[in-house]
Amino acid sequence: MNNPQTLSVEAVVEMKQNGEKIAVLTAYDASMTRHLEAAGVDVILVGDSLGMVVQGHDSTLPVTIDDMIYHCRLVARAREHALLAVDMPYHSYSTVETALANARRLITEGGADMVKLEGADTVLEAIRAIVAEGIPVCGHLGLLPQSIEELGGYKVQGREQAAADKMVADAQALQAAGARMMVLECIPSTLGRRISEAVTIPTIGIGAGPDCDGQVLVLYDLLGLTPGKRPKFSKDFLTEMGKGKGITEAVRAYVEAVKNGTFPAPEHGFQ
Ligand code: KIV
């Protein structure tokens, strides 16, 4: 849980109230966490994207709670100031009881400050129970990688009016259930703005436009390590900075670009 040297959940919520953009990045090990800390990242997310970028699977579905605890512990060992959030993996919150038991393990064994769950509706009860336990929760709406089979692939979500209205209502339901932050993934930029205005907790966008309260990227995309076609919403800061610049400088460039609003640019967003 938070110690006095680390950014508290309250401090991150206040950043929204003060109009300060929140820079979030994923990390999965201690060495990369040290670069993120040196560059001033506000929130580190141990994402279940590790299933794809570290473990080599083609989705996040095979990732287990033990995998998440292991990687979270590696990151927690090197974390100094950033708030540390961790994904609850697929099937780790299917019932309220398993959600509570697994959220407790991520905090006590993994060393996280906050747990992230995907979706609304059936997930709200688990969120309420975790929050009642005193564990801060981050929501996740839009493209939900753990529901990729139901969604029929990695596609922009919320383009139709009814789906957009439902997502705004879901965001408000997450806030009412006690979530303190939420990720918005792959939605039109206009919807990213609408949701950010509809809730008082920070929205963290990834392919959700420039008007979210913060931005998150998968670290390996930012460093150009992901083979094949990079997602439209990401940017290879390391290559773009040019030769001789290292990882800390690339991450620092990302933090500055998020803070001064130059990332994401219009070409990183969806209509
Ligand atoms: O798993 C992950 O890395 C995530 C981010 C992309 C938001 O959920």
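**Buried side chains, ligand shell and aromatic cluster**

The side chain of Q157 comes within 2.9 Å of the backbone oxygen of K155, a polar contact, that is, a pair of N or O atoms within 3.5 Å in which, within protein, one must be able to donate a hydrogen and the other to accept it, and in which residues adjacent in sequence count only if both atoms are side-chain atoms. The model is predicted: local features need pLDDT of at least 70, side-chain atom pairs count only at pLDDT 80 or more, and totals for chains, interfaces and linings use all residues. Residues are numbered from 1 along each chain as its sequence is written, and side-chain values use heavy atoms, with hydrogens and water left out.

Q157 lies in the loop between α7 and α8 (161-177); helices (H or I, at least four residues) and strands (E, at least two) are DSSP runs, numbered from the N terminus. Q157 counts as buried because its relative accessibility is 16%. Buried stands for under 20% relative accessible area, exposed for over 50%, and partly exposed for values in between (1.4 Å probe, protein chains only). Contacts of Q157, apart from residues up to four places away in sequence, are made with G142, L143, L151, M167, C186, I187 and P188, where contact means heavy atoms within 4.5 Å. The C-alpha atom of Q157 is separated by 10.0 Å from that of A208, 51 residues apart along the chain.

C186, one of the residues touched by Q157, is placed in the loop between β6 (181-185) and α9 (189-198). With a relative accessibility of 7%, C186 is also classed as buried. Outside its neighbours within four places in sequence, C186 is in contact with L143, K155, V156, Q157, I206, G207, F233 and F270. Between the C-alpha atoms of C186 and K232, 46 residues apart along the chain, the separation is 9.7 Å.

A further glutamine, Q146, is located in the loop between β5 (137-142) and α7 (148-151). Its relative accessibility is 6%, so Q146 counts as buried. The side chain of Q146 makes a polar contact of 2.7 Å with the side chain of D48 and reaches the backbone oxygen of M88 at 3.0 Å. Residues touched by Q146, not counting those up to four places away in sequence, are D48, T60, L61, M88, P89, Y90, Y93 and E118.

D48 also belongs to the surroundings of the ligand, which comprise T26, L45, G47, D48, S49, D87, K116, H140, V183, I206, V216 and V218; a residue is near a molecule if one of its heavy atoms lies within 4 Å of it. By class, this shell has five nonpolar, four polar and three charged residues, with Ala, Val, Leu, Ile, Met, Phe, Trp, Tyr, Cys and Pro counted as nonpolar, Asp, Glu, Lys and Arg as charged, and the others, Gly among them, as polar. Polar side-chain atoms of three residues lie at short listed distances from an oxygen atom of the ligand: D48 at 3.1 Å, S49 at 2.5 Å and D87 at 3.0 Å. Of the 260 Å² that the ligand exposes when taken alone, the protein buries 96%, with accessible areas from the Shrake-Rupley method with a 1.4 Å probe and, for residues, only the protein chains shown counted as cover.A85 is found in strand β3 (residues 83-87). At 3% relative accessibility, this alanine is buried. Leaving out neighbours within four places in sequence, A85 has contacts with V43, I44, L45, V46 and M114. The C-alpha atoms of A85 and V115 are separated by 5.5 Å and are 30 residues apart along the chain.

The structure contains four aromatic pairs. Rings of Phe, Tyr and Trp (its six-membered ring) pair if their centres lie within 6.5 Å; planes under 30 degrees apart count as stacked, over 60 as edge-to-face and the rest as tilted. F237 and Y254 are edge-to-face because their planes stand at 80°, with ring centres 5.6 Å apart. This pair links distant parts of the chain, F237 in helix α11 (residues 237-241) and Y254 in helix α12 (residues 247-259), 17 residues apart. F237 is buried at a relative accessible area of 4%, and Y254 is buried at 0%. F237 also pairs edge-to-face with F263, at 5.5 Å centre to centre and 75° between the planes. Here F237 in helix α11 is linked to F263 in the segment after α12, 26 residues apart. Both F237 and F263 are buried. Together, F237, Y254 and F263 form one aromatic cluster.
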